[in-house]
Amino acid sequence: FRPPARPERARPVTPPSPPAGLAVLLTLSLLAAFFAWVSAGPFWLAVGHSTGGTVMITQCAGGGLTQRCRGIFSADGDRFQAHGVRVSGVPAGRTDTGSSLRARMTGPDGSTAYADTGAGRHLRWLLGLALVAGCAAGIARWTGATRLAEERQRRWAVGLALAGPLLITVGFLAAAW
């Protein structure tokens with residue numbers, strides 16, 4: 001004996017709230033822009049668009065995640081020298097003023113020298129670009145693009161929601177080149 005099947009109730013489609021959708025769009029777009037900005041330089045370093053050299057530490061403050069270091073970057077072959085650059089990835093035992101480390105920069109107009117090697121250099125851009133993708137998915141979901149009734153409109157709306165953060169990212173990658 002089987003119990004009678006319950007009739008399925010159609011879920012009402014609730015239209016998105018325009019003020020809430022706009023607030024989410026603005027917030028997630030700004031977050032996507034931030035994540036794209038901080039990931040652009042490390043991305044170019046990871047794919048090989050960089051200049052190797054040596055950075056001399058001029059000052060370090062803090063420790064662990066709050067460590068902030070500055071230094072003078074000298075490119076290999078005396079191609080250029082950059083003063084007052086941020087130095088990322090300085091090992092804890094190498095923070096003394098005057099310490100020299102191998103580092104990479106994206107070019108003479110870069111503002112950060114990256115002294116870290118290994119998985120750290122890939123983690124910087126992978127995590128940031130994954131967060132950009134998450135912001136794009138959030139924009140599509142919470143602005144109501146995925147809840148539109150007509151399939152063609154829904155595809156266009158989701159495509160535009162995903163294209164916004166992608167274009168922001170492409171812009172920051174071009175600027176960091």
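Start by selecting Phe34, Trp37 and Val38: together they make a nonpolar surface patch of about 310 Å². Keep in mind as you look around that this is a predicted model.

Now click on Val38 alone. This residue sits in helix H1, which covers residues 18–46. Is Val38 buried, partly exposed or exposed? Its relative accessibility is 35%, so Val38 counts as partly exposed.

Next, keep Phe34 and Trp37 selected and add Phe35. Phe34, Phe35 and Trp37 form one aromatic cluster, so two members of the patch turn up again here. Pause here for the wider picture: the structure holds 5 aromatic pairs.

For one of them, select Phe43 and Trp125. How are these two rings arranged? The Phe43–Trp125 pair is edge-to-face, with 5.2 Å centre to centre and 80° between the planes. Colour the helices and you will see Phe43 in helix H1 and Trp125 in helix H2 (residues 119–142), so this pair ties together parts that are 82 residues apart in sequence. Switch on the surface, too: Phe43 and Trp125 are both buried.

For the last stop, select Phe73 and Phe80. These residues form an aromatic pair that is tilted, at 5.8 Å centre to centre and with 35° between the planes. Are Phe73 and Phe80 buried or exposed? Both Phe73 and Phe80 are buried.

Note on methods
Residues are numbered from 1 along each chain as its sequence is written. This is a predicted model: local features need pLDDT of at least 70, side-chain atom pairs count only at pLDDT 80 or more; totals for chains, interfaces and linings use all residues. Side-chain values use heavy atoms; hydrogens and water are left out. Patches are made of residues with over 30% relative accessible area and no salt bridge: like charges are joined within 9 Å, nonpolar side chains (Val, Leu, Ile, Met, Phe, Trp, Tyr) within 5 Å. Accessible areas come from the Shrake-Rupley method with a 1.4 Å probe; for residues, only the protein chains shown count as cover. A salt bridge is a side-chain nitrogen of Lys or Arg within 4 Å of a carboxyl oxygen of Asp or Glu. Helices (H or I, at least four residues) and strands (E, at least two) are DSSP runs, numbered from the N terminus. Buried means under 20% relative accessible area, exposed over 50%, partly exposed in between (1.4 Å probe, protein chains only). Rings of Phe, Tyr and Trp (its six-membered ring) pair if their centres lie within 6.5 Å; planes under 30 degrees apart count as stacked, over 60 as edge-to-face and the rest as tilted.
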